[in-house]
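This report examines one protein chain, moving from its annotated span to selected residues. Please keep the sequence and the structure in view while reading.

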Amino acid sequence: MSVLKATNSIEQRLQIQRLQAPTRVVTSTAGGDVVRGLTQTPKTLPPCYFYDDRGSELFERICELPEYYVTRTETAILQRFAGEIARITGACELVELGSGNSTKTRILLDAYQQLDYPLRYLPIDVCAGILESSAKQLLQDYPSLEVYALAGTYELALAQLTPKKLSSRMICFIGSTLGNLNLQECDVFLSQIRATLNVGEYFLLGVDLQKPKEILEPAYDDSQGVTAEFNLNMLEHLNRSFEGNFDTTQFKHWAFYNESEQRIEMHLKSERSQTVQLKSLNLTVNLAQGETILTEISRKFNLESIQQQLAAKGLIPVQTWTDVNQWFGLLLCQVQG
């Protein structure tokens, strides 16, 4: 691992840790996951490859689209109830998985600051560039804040969290990113969250709830084409990372709601028969015309069912909030002895 510690007056409160995988998982982080996904049937790619610097910028644009209700709905819930969250948890470190530009985190930081609690924030994101830029802006705006950023996957970051400086900790997983995990991955992830937290500590989870496909599908296939650009950028990311020759003009973004699975699926559809190489992975991929690569799922949740699943993992929901339309749920869970 490498740790970068800033030196100027503002950045003395900033550290960025670039996480490295242990030897046993190097094949996954070095593209083994790409090889597995593109050599199986049907083909898949891991969503983490959305998030190079360009992908992170595009996702922030998606969050502002009129069709994409998720961000503004969750933000409104946080704005209404952040003070209540802070009062329930008391002073605690905030650990955020998939922090992005930390926009919604500011709502929580404001609530803790208003109660005169010390502020320590541990953002986690695969994109080191957006981690650094967002952390520096936060440090300008919150003079008492300390930031210890971790650049890497959730799995690595949770396994390598530094010892607490405050007496308690809350892991935040907002934005309904839990929906990107399939059932097995979700089970493993929640087990890791429970193992990371001590008795009495908290887990704040945002989940997108089930609703008609007429609302869901435009959120993932917007009229401006930003989501399509975001999806196609994954191929550009692979080209840069693994000496690839994907031609993005030969793929089409395809998103739809799979009603039987209660999930949005995003695919990249091959417009013609083609052969693609990723030289540094020694991989050749043959695609038939119309064949797709699944790049993301976004499961939509039943509030009662997810509460039961969390409780079964020892993450006991102590408070749940929703919007007036019941489109989104925010759950505050506590590890209880």
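The sections below treat the annotated domain, one helix, several loop residues, some backbone features and a pocket.

## The model and its annotated domain

The structure is a predicted model. The UniProt record, an unreviewed entry, places the feature "domain: Histidine-specific methyltransferase SAM-dependent" at residues 33-334. In the model, this span is 38% helix and 26% strand. The C-alpha atoms at the ends of residues 33-334 lie 33 Å apart.

## Helix α4 and its surroundings

Helix α4 covers residues 105-114, and its buried residues are T105, I107, L108, L109, A111 and Y112. These buried residues pack against several other elements. Helices α3 (69-89) and α5 (128-141) are among them, and so are the strands β4 (93-97), β5 (120-125), β7 (169-173) and β8. Just after α4, D116 adopts a positive phi of about 60°.

One residue of this helix, Y112, also touches C92. C92 is located in the loop between α3 and β4. Is C92 buried or exposed? Its relative accessibility is 3%, so C92 counts as buried. Beyond residues up to four places away in sequence, C92 touches L166, S168, R169 and M170 as well as Y112. C92 and Y121 are 29 residues apart along the chain, and their C-alpha atoms are separated by 9.3 Å.

## E201, a buried loop residue

E201 belongs to the loop that runs between α7 (183-196) and β8 (202-208). Because its relative accessibility is 4%, E201 counts as buried; the cut-off for this class is under 20% relative accessible area.

Which polar partners does the side chain of E201 reach? It forms a polar contact of 3.2 Å with the side chain of K164. The side chain of E201 also reaches the backbone nitrogen of N198 at 2.8 Å. When neighbours within four places in sequence are left aside, the contacts of E201 are K164, S167, S168, R169, C333, Q334 and V335. Two of these residues, S168 and R169, are touched by C92 too.

## Q289, an exposed loop residue

Q289 is placed in the loop between β12 (283-287) and β13 (292-299). Its relative accessibility is 60%, and therefore Q289 counts as exposed; the class begins over 50%.

Q289 nevertheless has contacts beyond its neighbours within four places in sequence, namely S270, E271, R272 and S273. With one of them the atoms can be specified: the side chain of Q289 reaches the backbone oxygen of E271 at 3.5 Å. Q289 and E93 are 196 residues apart in sequence, and the C-alpha to C-alpha distance between them is 50 Å.

## Backbone features in the loops

Two loop residues have a positive phi without being glycine. S176 lies between β7 and α7, and its phi is near 60°. N282 lies between β11 (274-278) and β12, and its phi is about 55°. Are these residues buried or exposed? S176 is buried because its relative accessible area is 4%, whereas N282 is exposed because its relative accessible area is 74%.

A cis peptide bond joins T41 and P42, with omega at about -5°. P42 is situated in the loop between α1 (26-38) and β3 (43-44).

## The second largest pocket and helix α10

The second largest pocket contains about 270 Å³ of space. How many residues line this pocket? There are 14, and those nearest its centre are L183, E261, Q262, R299 and K300. Sorted by class, the lining has three nonpolar, seven polar and four charged residues.

Helix α10 (residues 303-312) gives the most to this lining, with three residues. At the start of α10, a side-chain oxygen of N302 comes to within 3.1 Å of the backbone nitrogen of E304. Just after the helix, G314 takes a positive phi of about 85°.

Definitions and conventions: Residues numbered from 1 in each chain as written. Predicted model: local features only at pLDDT ≥ 70, side-chain atom pairs only at ≥ 80, totals over all residues. Heavy atoms only, no water. 1 Å grid on protein atoms, 1.4 Å probe; cavity = no way out; pocket = protein on both sides within 12 Å on 5 of 7 lines; lining within 4 Å. Points joined across faces, edges and corners; volume = space filled by probe spheres on them. Helix = DSSP H or I, 4+ residues; strand = E, 2+ residues; numbered from the N terminus. Nonpolar A, V, L, I, M, F, W, Y, C, P; charged D, E, K, R; others polar. Buried < 20%, exposed > 50% of the residue type's maximum accessible area, 1.4 Å probe, protein only. Polar contact = N/O pair within 3.5 Å; in protein donor to acceptor, adjacent residues only side chain to side chain. Contact = heavy atoms within 4.5 Å. UniProt positions renumbered as here; feature names shortened; annotations may be inferred.
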